[in-house]
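User: Could we go through the salt bridges in this one?
Analyst: Certainly; here is the structure.
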Amino acid sequence: MSELPDVTSPRVLRELFKEHHLSPRRQWGQNFLVDANVAHKIAAALAAVPGKAAIEIGPGAGALTLLLYKDGYQVLALEIDRGLVHLLNTLFAGRAEVTVQQVDALKVNWRELIREYFGSDLEVKLVSNLPYVISGPFLFSILKEQFPFKAAVLMLQKEVARRLVAAPGDPDYGALSVLCCYYTQGKVLFDVSSNVFWPKPKVGSAVILLKPRSRLLALGEEPLFWTIVQGVFQQRRKTIFNNMVRLLPALRDQLTDLLTESGIDPVSRPEEIEVEQFAKLSQIIYNNHQ
Ligand code: SAM
């Protein structure tokens with residue numbers, strides 16, 4: 001087995017890219033981590049949650065994958081770029097603990113993949129320096145599956161990280177905040193400067209930790225809850241009453257009562273409403289129209 005190179009060294013990374021005829025692709029949000037300290041901090045945050053099975057999204061040249069391997073994880077690394085998959089398969093040849101697959105992370109059924117690859121009752125952690133081009137849809141996709149991970153440590157654009165953990169009244173509070181808070185407990189761990197990437201992105205990043213909630217609030221049915229939450233934030237300056245009339249016009253005459261019963265002032269704006277109130281509203285509407 002060949003020795004594993006330090007891919008957080010810009011010189012080593014450039015040489016590897018040259019050898020494999022690769023160059024960073026903007027369309028896939030390729031900003032590679034070239035700072036060993038930050039890579040170690042991410043690995044340490046993941047190690048703070050017990051378990052040695054992990055899925056990594058977008059391993060790139062392996063900055064985080066190498067640390068997971070050294071920490072004794074069984075890793076399933078999903079990378080969209082065929083050239084990088086080839087590079088990683090060369091690096092990890094003969095190391096059965098790491099499997100690299102060419103996969104679009106936006107097209108995965110997570111529960112099915114976990115079951116197939118790791119076995120049914122194993123709890124798997126998720127880690128990624130997430131490509132900024134997919135961060136929104138990717139986060140919605142794992143929440144849609146009720147966050148099927150033991151924990152996630154994700155590096156995101158700072159602005160997306162703030163949206164994830166925003167509280168009612170914050171300017172960043174939106175559908176992603178409500179859904180994230182419904183399924184998980186999230187916390188920003190630390191900020192990361194744009195200087196630690198090659199090429200350097202325009203914006204700063206932050207690393208967040210997400211853990212699943214042990215008990216989910218009652219909400220009637222999930223599709224209705226998602227329709228309400230995603231729908232009302234499309235027009236966040238309008239009152240919740242007007243938004244709900246637009247989404248569910250058949251309920252116009254009962255809406256004031258339904259909102260009041262859910263503890264929501266009909267003239268309040270979506271950005272003032274707590275996750276518990278959204279869940280209650282969904283449950284009350286569902287129960288009334290069974
Ligand atoms: N983990 C590496 C690091 O920290 O240096 C690379 C991180 S880079 C920000 C994002 C990686 O995600 C790239 O390798 C990119 O090719 C990959 N990627 C982009 N879109 C993807 C998708 N839809 N599915 C899987 N991987 C994707």
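Analyst: Arg236 and Glu271 meet through their side chains in a salt bridge, at 3.2 Å from N to O. A salt bridge here is a side-chain nitrogen of Lys or Arg within 4 Å of a carboxyl oxygen of Asp or Glu.
User: Where do Arg236 and Glu271 lie?
Analyst: Arg236 is in the loop between helix 9 (222–232) and helix 10 (240–247), and Glu271 is in the loop between helix 11 (255–261) and helix 12 (275–288), so the pair ties together parts 35 residues apart in sequence. Helices are DSSP runs of H or I with at least four residues, numbered from the N terminus.
User: Is this a predicted model or not, and what is counted?
Analyst: This is a predicted model: local features need pLDDT of at least 70, side-chain atom pairs count only at pLDDT 80 or more, and totals for chains, interfaces and linings use all residues. Residues are numbered from 1 along each chain as its sequence is written, and side-chain values use heavy atoms, with hydrogens and water left out.
User: Is Glu271 buried or exposed?
Analyst: Glu271 counts as buried, at 15% relative accessibility. Buried means under 20% relative accessible area, exposed over 50%, and partly exposed in between (1.4 Å probe, protein chains only).
User: Which other residue forms a salt bridge with Glu271?
Analyst: Arg237 does, with the closest N and O atoms 3.2 Å apart. Shared partners join Arg236, Arg237 and Glu271 into one network of salt bridges.
User: How many salt bridges does the structure hold?
Analyst: The structure holds eight, including one between Glu15 and Arg11.

Notes:
Helices (H or I, at least four residues) and strands (E, at least two) are DSSP runs, numbered from the N terminus.
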